[in-house]
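Biologist: Could you take me through one part of this model at close range? I would love to hear about the aromatic rings and the helices that carry them.

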Amino acid sequence: MDVFYAYTYSTAAWFGIQAVPLMLSPKLIITTLSTEARKPTILEEYLCRSLAFTLLTLAIIAVLLTGTIPLSSSLSESEITSDPDDPKAPYAVPTLTVTAAFHAITAFYAYMQYTRHGQIGFALSQIGSGFLASVGCWCLVFGTEKGRISKRTGADKRTSGWPFKNEESDRKKGRKKL
């Protein structure tokens, strides 16, 4: 679950990195991304600051709902898992799904804006969100379920030999090569 924790904290940090400039200097962001030189309107400044507060709220919610920071007062020795039956983090997988989808949509939108306008800010957003979307999808595919590990061999029982042959297994079972 180390990748899951890293993803959760990276998501919160990425939201924070995006929120701080929007909150502290919306005029700078607006003039940097605008095509013509003009003074930003009050509505644009308000929407920038609202987006900043929304991103900070999403960062806090992502960290709390995934169980990375425990909400209970009792300390336990066991790790927080993404198992749906885990009482410590019942919303870990849904939060992971929503944040990974958000990162994917944001990366796609930033890519579209970059190809249209060619500004480096969109390219940076695309890289950051795209990386987090791929890590989030990796966590969804590989980190949300425990593998079926064999007690005898220590290997995952769900693996198959396709497209590569498992020659060691064939040798142990006495199978002939075709």
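Modeller: Happy to; here is a walk through the aromatic pairs and one helix contact. Please keep in mind that this is a predicted model. The count of aromatic pairs comes to three. One of them joins Phe15 and Phe102: the ring centres are 5.4 Å apart and the planes stand at 75°, so this pair is edge-to-face, as angles over 60 degrees count that way. Phe15 sits in helix α1 (residues 2–24) and Phe102 in helix α4 (residues 92–117), so the pair links parts of the chain 87 residues apart. Phe15 is buried, at 1% relative accessible area, whereas Phe102 is partly exposed, at 31%.

Now for the two helices behind that pair. The axes of α1 and α4 come within 12 Å and cross at roughly 50°, which means that α1 is oblique to α4. The crossing of α1 past α4 is left-handed. On the α1 side, Phe4, Tyr7, Thr11, Trp14 and Phe15 take part, meeting Ala92, Leu96, Thr99, Ala100, Phe102 and His103 of α4. Sorted by class, this contact holds eight nonpolar residues, three polar ones and no charged ones.

Another aromatic pair, Trp138 with Phe142, is tilted, with 5.6 Å from centre to centre and 50° between the planes. Both residues belong to helix α5 (residues 120–142), and because they are four residues apart, about one helical turn separates them. Trp138 counts as partly exposed at 41% relative accessibility, while Phe142, at 56%, counts as exposed.

Notes:
Residues are numbered from 1 along each chain as its sequence is written. This is a predicted model: local features need pLDDT of at least 70, side-chain atom pairs count only at pLDDT 80 or more; totals for chains, interfaces and linings use all residues. Side-chain values use heavy atoms; hydrogens and water are left out. Rings of Phe, Tyr and Trp (its six-membered ring) pair if their centres lie within 6.5 Å; planes under 30 degrees apart count as stacked, over 60 as edge-to-face and the rest as tilted. Helices (H or I, at least four residues) and strands (E, at least two) are DSSP runs, numbered from the N terminus. Buried means under 20% relative accessible area, exposed over 50%, partly exposed in between (1.4 Å probe, protein chains only). Axes are lines fitted to C-alpha atoms, for helices over the stretch in contact, and angles run from 0 to 180 degrees between N-to-C directions. Angles under 35 degrees count as roughly parallel, over 145 as roughly antiparallel, 65 to 115 as roughly perpendicular and the rest as oblique. A crossing is left-handed if the near helix is turned anticlockwise from the far one by less than a right angle, and right-handed if clockwise. Contact means heavy atoms within 4.5 Å. Ala, Val, Leu, Ile, Met, Phe, Trp, Tyr, Cys and Pro count as nonpolar, Asp, Glu, Lys and Arg as charged, and the others, Gly among them, as polar.
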